[in-house]
Amino acid sequence: MEVTGHLNLVWKAKLADRLFDSFLYLFMITVGIVTVYPFLNMLAISLNDAVDSVRGSIYLLPREFTWENYKQIFMYSNLLTAFKNSVLRTVIGTVLGILSASMIAYVLSRKDFIARKPISLIFVLTLYFSGGLIPGYMLMRELHLMNTFWVYILPGLVNAWNVFVIRSYMDGLPISLQESAKLDGANDLTIFFKIILPLCKPVLATIALFIAVGQWNSWFDTFLYNSGTAELTTLQYELMKILSNTQAGTSGDLSRTGDPSVSAQVSPESIRAAITITATLPILIVYPFLQKYFVKGLTLGAVKS
């Protein structure tokens with residue numbers, strides 16, 4: 001009887017585990033579908049003929065395949081300049097942002113740094129308080145950053161949250177590595193660049209992804225500081241203007257391409273879908289290269305923060 005009862009308990013435990021695993025798989029599949037379907041639907045609409053899209057009932061595959069929606073977007077006059085500026089601000093902003101945040105994090109991770117707690121407190125305060133939009137605008141004007149490329153880089157060069165995540169990751173590294181390097185005659189710069197940074201690849205890749213996505217998707221700073229300078233426009237800002245025109249029922253520069261049939265070839269829905277894919281695709285291409293570091297870097301970096 002005892003053996004039978006024990007077997008029953010084991011069987012019930014296995015059944016409960018299988019039911020839980022089945023529920024978990026079903027839940028994750030549902031989340032995956034809910035996450036991926038809107039993007040695939042947008043892709044299908046963007047690759048479908050605009051006139052045919054008005055009929056609706058387009059889900060995962062285009063009914064009448066065409067590149068016309070993308071052709072009309074890329075015929076927009078400032079798009080190539082905007083794309084170049086967005087790539088530059090993303091690359092430069094990410095590299096300088098990572099370098100600045102990691103250097104500050106290294107200093108704050110040092111137990112022998114006397115001002116560690118006061119400076120950390122100052123950074124914490126910036127997470128909860130800010131000057132606001134108007135003081136920020138006046139500051140950019142007084143610093144002569146208006147109508148310059150560096151207004152995209154310098155204001156967000158150091159982010160307190162990024163600093164704390166990287167510092168927490170550095171706190172988890174063995175202090176003996178730094179002590180051994182000092183005994184061998186290494187200075188702080190040598191320790192930072194040759195020992196600390198190589199060990200921080202996971203958290204640096206994670207923060208780099210956050211910064212890159214923020215820089216790539218940003219358009220409001222262009223609207224505030226550089227809207228009057230066509231040479232400094234960005235991709236998201238130009239796509240926002242196209243989207244605003246289509247939502248207002250006009251085609252903006254898309255109607256001035258020299259082709260009288262353009263207005264019949266595009267529709268607001270098809271243009272919105274093409275814009276969404278155009279703005280999202282570059283980041284989706286970058287993400288797989290950083291994904292292997294993402295979970296590890298964010299988890300280990302946030303444990304002690």
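## Exercises on a predicted model

At 11% relative accessibility, Gln-236 falls in the buried class. The structure is a predicted model.

**Exercise 1.** Describe the surroundings of Gln-236.

Solution.
- Start with the class: buried means under 20% relative accessible area, and Gln-236 has 11%, so Gln-236 is buried.
- Next, place the residue: Gln-236 belongs to helix 12, which covers residues 235–247.
- Then list the contacts, leaving out residues up to four places away in sequence: Gln-236 touches Ser-86, Trp-216, Asn-217, Ser-218, Trp-219 and Ala-279.
- Look for a polar partner: a polar atom of the Gln-236 side chain lies 3.3 Å from the backbone oxygen of Trp-216.
- Finally, compare sequence and space: Phe-220 is 16 residues from Gln-236 in sequence, and their C-alpha atoms are 9.0 Å apart.

**Exercise 2.** Which helices each supply at least two residues of the largest nonpolar core?

Solution.
- Identify the core: the largest nonpolar core has 25 residues, and Ile-166, Met-170, Ile-196, Cys-200, Val-203, Leu-204 and Ile-207 have the most contacts inside it.
- Assign the helices: at least two residues of this core come from each of helix 4 (79–109), helix 7 (160–171), helix 9 (188–199) and helix 10 (201–217).
- Pick out the main contributor: helix 7 gives the most, with 7 residues.
- Take one core residue in detail: not counting residues up to four places away in sequence, Cys-200 touches Tyr-169, Met-170 and Leu-173.
- Apart from this core lies another, of 16 residues, among them Ala-82, Trp-216, Leu-239 and Ala-274.

**Exercise 3.** Are helix 4 and helix 9 roughly parallel or roughly perpendicular to each other?

Solution.
- Take the geometry: the axes of helix 4 and helix 9 come within 12 Å and cross at roughly 110°.
- Apply the cut-off: angles of 65 to 115 degrees count as roughly perpendicular, and helix 4 and helix 9 are therefore roughly perpendicular.
- Add the hand: the crossing of helix 4 and helix 9 is right-handed.
- Name the contact residues: helix 4 uses Leu-99, Ser-102, Met-103 and Tyr-106, while helix 9 uses Asp-188, Ile-191, Phe-192, Phe-193, Ile-196 and Leu-197.

**Exercise 4.** Describe how helix 4 crosses helix 7.

Solution.
- The axes of helix 4 and helix 7 come within 8 Å, and the crossing angle is roughly 50°.
- That angle makes helix 4 oblique to helix 7.
- The crossing of helix 4 and helix 7 is right-handed.
- In helix 4, residues including Ala-101, Ser-102 and Tyr-106 meet residues of helix 7, among them Asn-162, Ile-166 and Met-170.

Notes. Residues are numbered from 1 along each chain as its sequence is written. This is a predicted model: local features need pLDDT of at least 70, side-chain atom pairs count only at pLDDT 80 or more; totals for chains, interfaces and linings use all residues. Side-chain values use heavy atoms; hydrogens and water are left out. Helices (H or I, at least four residues) and strands (E, at least two) are DSSP runs, numbered from the N terminus. Buried means under 20% relative accessible area, exposed over 50%, partly exposed in between (1.4 Å probe, protein chains only). Contact means heavy atoms within 4.5 Å. A polar contact is a pair of N or O atoms within 3.5 Å; within protein, one must be able to donate a hydrogen and the other to accept it, and residues adjacent in sequence count only if both atoms are side-chain atoms. A nonpolar core is a set of buried Ala, Val, Leu, Ile, Met, Phe, Trp, Tyr and Cys residues joined through side-chain atoms within 4.5 Å. Axes are lines fitted to C-alpha atoms, for helices over the stretch in contact, and angles run from 0 to 180 degrees between N-to-C directions. Angles under 35 degrees count as roughly parallel, over 145 as roughly antiparallel, 65 to 115 as roughly perpendicular and the rest as oblique. A crossing is left-handed if the near helix is turned anticlockwise from the far one by less than a right angle, and right-handed if clockwise.
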